Amino acid sequence: MLTLDQAEAIVAAMRKRRRELAAPPVAYAVVDSGGNVLCLAREEAAGFLRVEIARNKAWSCFALGFPSRTLRDQVQGWETWFAGIQGAASGRLMPVLGGVVIRGADNVALGAVGIAGAAGEVDEALAVYGIAAIGLKADCGGVS
């Protein structure tokens, strides 16, 4: 089970790394394996919609059972399929980089991180960094 303390530690690590990279301000979301929010934060200069985008990136990981990179790749060429499932998900699925599954040492999915505000590659790299910083494994869809 992912704890609030772990979620807060992940966010703290991601914030520190974002400043080191001088990336644009972002919003952070950490959800448990049921897609429920454990921690949600928005840097002061990040747009207010970034919070919902970050939350939906994280939520999407459990709505379909894989990271947002995988969803992005699967949507290509299957736009009608995606329109159907997007309708079923009330528009919350995010087929963009920045939704990363958190796995324990036993490879069980414990939760997910969503980040929004920088380029997708940066969002994803921040999530991977924060997860690894607390000793858990990041699953971003086959990319290390």
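# A guided tour, starting at Ala132

Select Ala132 to begin: with a relative accessibility of 48%, Ala132 counts as partly exposed. The cut-offs explain the label, because partly exposed covers the range between under 20%, which is buried, and over 50%, which is exposed. Keep in mind as you look around that this is a predicted model.

**Stop 1: around Ala132**

Colour residues 120-133, and you have helix H5, the home of Ala132. Now add Leu38 to your selection and draw a distance between the two C-alpha atoms. Ala132 and Leu38 are 94 residues apart in sequence, and their C-alpha atoms are 18 Å apart in space.

**Stop 2: the whole chain**

Zoom out and switch to a cartoon view. You should find five helices and five strands in the protein chain. Following the sequence from its start, these elements come in the order α-β-β-α-α-α-β-β-α-β. The radius of gyration is 14 Å, close to the 15 Å that the globule rule gives for 144 residues, so the chain is as compact as a globular protein of that length. If you draw a box along the principal axes, the C-alpha atoms fill roughly 40 × 35 × 25 Å.

Turn on the surface next. About 6,900 Å² of the protein chain is exposed, and carbon and sulfur atoms supply 55% of that area. As for the residues, 45% of the 144 count as buried. Contacts tell you how the chain comes together: of those between residues at least 6 apart in sequence, 64% join residues at least 24 apart.

How many positive and negative side chains does the protein chain have? Colour by charge to see 14 of each kind, with the centres of the two sets 3 Å apart.

**Stop 3: strand E1 and its two partners**

Select residues 27-32, which make up strand E1. Five of the six residues of E1 are buried, leaving this strand mostly covered. Then add residues 37-42, strand E2, which pairs with E1 in the antiparallel sense over five bridges. Two pairs are good places to check this: Ala27 stands opposite Arg42, and Ala29 has Leu40 as its bridge partner. Follow the backbone from E1 to E2 and you pass through a hairpin with four residues between the strands, where Gly35 takes a positive phi near 80 degrees.

E1 also pairs with E4, again in the antiparallel sense, over six bridges. To look at this pairing, show Tyr28 of E1 and Ile115 of E4, which stand opposite each other.

Before leaving E1, step back to Ala22, in the loop between helix H1 (4-21) and E1. Ala22 has a positive phi near 55 degrees, although it is not a glycine. Is Ala22 buried or exposed? Its relative accessibility is 65%, so Ala22 counts as exposed, the cut-off being over 50%.

**Stop 4: strand E3**

Select residues 99-103, and hide the rest for a moment. This is E3, and five of its five residues are buried, so E3 is largely enclosed by the rest of the structure. Look at the two faces in turn: one carries Gly99, Val101 and Arg103, the other Val100 and Ile102, and all of these residues are buried.

Bring back strand E4, residues 109-116, which runs antiparallel to E3 and is joined to it by five bridges. Here Gly99 stands opposite Gly114. E3 and E4 form a hairpin with five residues between them.

Which residue in the turn of this hairpin has a positive phi? Select Asn107, whose phi is about 75 degrees. Like Ala22, which has a positive phi without being glycine, Asn107 shows this value in a residue other than glycine. Asn107 is partly exposed, with a relative accessible area of 41%.

**Stop 5: strand E5**

For the last stop, select residues 137-139. This is strand E5, which pairs with E3 in the antiparallel sense over three bridges. Show Arg103 of E3 together with Lys137 of E5 to see a pair of bridge partners.

Technical notes. Residues are numbered from 1 along each chain as its sequence is written. This is a predicted model: local features need pLDDT of at least 70, side-chain atom pairs count only at pLDDT 80 or more; totals for chains, interfaces and linings use all residues. Side-chain values use heavy atoms; hydrogens and water are left out. The radius of gyration is taken over C-alpha atoms; the globule rule is 2.2 Å times the number of residues to the power 0.38. Buried means under 20% relative accessible area, exposed over 50%, partly exposed in between (1.4 Å probe, protein chains only). Contact means heavy atoms within 4.5 Å. Accessible areas come from the Shrake-Rupley method with a 1.4 Å probe; for residues, only the protein chains shown count as cover. Lys and Arg count as positive and Asp and Glu as negative; His and the chain ends are not counted. The place of a charge is taken as NZ of Lys, CZ of Arg, CG of Asp or CD of Glu. Two strands pair if DSSP finds at least two bridges between them.
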